[in-house]
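Hello,

Here is the model we spoke about. Please open it alongside this message; my notes follow below.

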Amino acid sequence: MSEGFRELARWVAGSAAHDVAVDWLRNVPGLPPIVQTLHLVSIAVVLGSIVVFNLRVLRLIVPSQDPGEMSRRLAPWTWGALPVLLASGSIFVLARPHRYFLNPMFGIKLSALVAACVLAATGYALAGRGETESLRARGVALAGLLAWIVTILAGRWIAYVDYLFPPE
Amino acid sequence: MADFWTRLELLPLAAHIGETWWFPLLESLHVLTAMFVVGSIVFVDLRLLGLSAMRYPARRFMHELIRWTWASFAVATVTGLGMFLTRASWYVSNPAFQAKLLLLALAGANMAIFQWLGQRDIERWDTAASTSTAARIAGAASIICWIGVTLAGRWTGHLS
């Protein structure tokens, strides 16, 4: 498993995209914090859309808003934020593939992200069919809420992985 | 004053945060809660701009969401202060951090002005198909300020 990731990291490190990403991050003034801010603002959009929607299905927030209407209004924001998150994150992964592909926290983040996306699609689809009060809908909302929180926290912990997984 | 910031750094709590996993814990919680603040405010701003959620009365929409914004803001402030303690004199002299505080103050002033003046005639546009000019200005200014706070906050860590 880890040999496969090592191979992947080596392959990315040898690609032309890697050289471009390194060149941009090094030579375009202010690019790293600007791209990180794009990433962060997209995270804010995720929190303001699917996370607020999940909290609504769990009956914790915005009681006067209709979950069915929320799903139609907020889903485009969630799905619109994703490509921005992927693009802004990819620049850093391309520039330093070993830092990410060999980092257990990055694996946790991506796994939680995939789960969060599947749960978001499920939750929005259920709400689109008018199902927001069932045990199933609430279970999906709770699991989705946790998956997004893990994704975001694990993302920040990529830089601090040594605290949890001491280097050998 | 310089002495004061240095004394903060010498607090046992500051040393504990700076030397243990407390710092990454506080930082990750700060990111989560601060971005919830921005995310929830953006959707209030879109309502003020008359671009989204027009089927809900503006006042109710804002009131229901903003209590969560404040709760989240409180956590972001406490976690932010915890990180600030560890290198207080470095933060206060960091231009990006200074810009962040200025933008936070502007965002707060914008909110206060809207509260006092912009909401005076809310009865007129609370359930209308469009919002007032003052509401639209407040909404646009808020989005700009909060993106600026995020950018300056992220930039703070890039300055040595």
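A:Val62 counts as buried, because it has 24 C-beta neighbours inside 10 Å and the cut-off is 20 or more. Please keep in mind that this is a predicted model. The backbone at A:Val62 deserves a look: its phi is positive, about 30 degrees, although the residue is not a glycine. A:Val62 sits in the loop between α3 and α4 of chain A.

Chain B has a residue to set beside it. B:Ala53 is not a glycine either, yet has a positive phi of about 60 degrees. Its place is the loop between α3 and α4 of chain B. Is B:Ala53 buried or exposed? B:Ala53 is buried, because 20 other C-beta atoms lie within 10 Å and 20 is enough to count.

Now the two chains in turn.

Chain A has eight helices and zero strands. Its order from the N terminus is α-α-α-α-α-α-α-α. The C-alpha trace spans about 50 × 35 × 25 Å along its principal axes. Chain A has 168 residues, and 42% of them count as buried. Take the contacts in chain A between residues at least 6 apart in sequence: 79% of these join residues at least 24 apart.

Chain B also comes to eight helices and zero strands. Read from the N terminus, chain B runs α-α-α-α-α-α-α-α. Its C-alpha trace spans about 55 × 25 × 25 Å along the principal axes. Of its 160 residues, 37% are buried. For contacts in chain B with a separation of 6 or more, 80% are between residues 24 or more positions apart.

Next, the contact between the chains. How many residues of chain B are in contact with chain A? The count is 27 residues of chain B, which meet 26 residues of chain A. On the chain B side, the elements that give two or more residues are α3 (22–48), α4 (58–86) and α8 (133–156). α3(B) gives the most, with 12 residues. By class, this side of chain B has 16 nonpolar, six polar and five charged residues.

The nonpolar cores come next. The largest has 77 residues. Those with the most contacts inside it are A:Ala44, A:Val46, A:Trp148, B:Met35 and B:Val38. Helix α3 of chain A (residues 31–57) supplies the largest share of this core, 14 residues. A:Trp148 is a good place to start looking. Beyond its neighbours within four places in sequence, A:Trp148 is in contact with A:Val46, A:Ile50, A:Val51 and A:Ala116. There is also a second, separate core of seven residues. Among them are B:Leu26, B:Phe84, B:Leu85 and B:Tyr91.

Two helices in chain A and chain B are worth a closer view.

In chain A, take helix α6 (residues 104–128). What span should its 25 residues have at 1.5 Å a residue? The expected value is 36 Å, and the end C-alpha atoms of α6(A) are 36 Å apart, so the two agree. The buried residues of α6(A) include A:Met105, A:Phe106, A:Lys109, A:Leu113, A:Ala116 and A:Tyr124. A:Ala116 is also one of the contacts of A:Trp148. Which elements do the buried residues of α6(A) pack against? They pack against α3, α4 (67–95), α5 (97–101), α7 (135–157) and α8 (161–164) of chain A. After α6(A) comes A:Gly130, with a positive phi near 85 degrees.

In chain B, look at helix α2 (residues 12–19) where it meets α4(B). Two packed helices are described by the angle between their axes and the distance between the axes. For α2(B) and α4(B), the angle is about 95 degrees and the axes are 8 Å apart. The pair is therefore roughly perpendicular. From α2(B), the residues that take part are B:Leu13, B:Ala14, B:Ile17 and B:Gly18. Opposite them in α4(B) are B:Gly82, B:Leu85 and B:Thr86. The residues of this contact divide into four nonpolar, three polar and no charged. B:Leu85 appears in the second core too.

Best wishes

Terms used:
Residues numbered from 1 in each chain as written. Chains lettered and ligands numbered in written order. Predicted model: local features only at pLDDT ≥ 70, side-chain atom pairs only at ≥ 80, totals over all residues. Contact = placed C-beta atoms within 7 Å. Helix = DSSP H or I, 4+ residues; strand = E, 2+ residues; numbered from the N terminus. Nonpolar A, V, L, I, M, F, W, Y, C, P; charged D, E, K, R; others polar. Buried ≥ 20, exposed ≤ 12 C-beta atoms within 10 Å, placed from the backbone. Core = buried A, V, L, I, M, F, W, Y, C linked by C-beta atoms within 7 Å. Axes fitted to C-alpha atoms, helices over the stretch in contact; angles between N-to-C directions. Parallel < 35°, antiparallel > 145°, perpendicular 65-115°, else oblique. Expected span 1.5 Å × (residues − 1).
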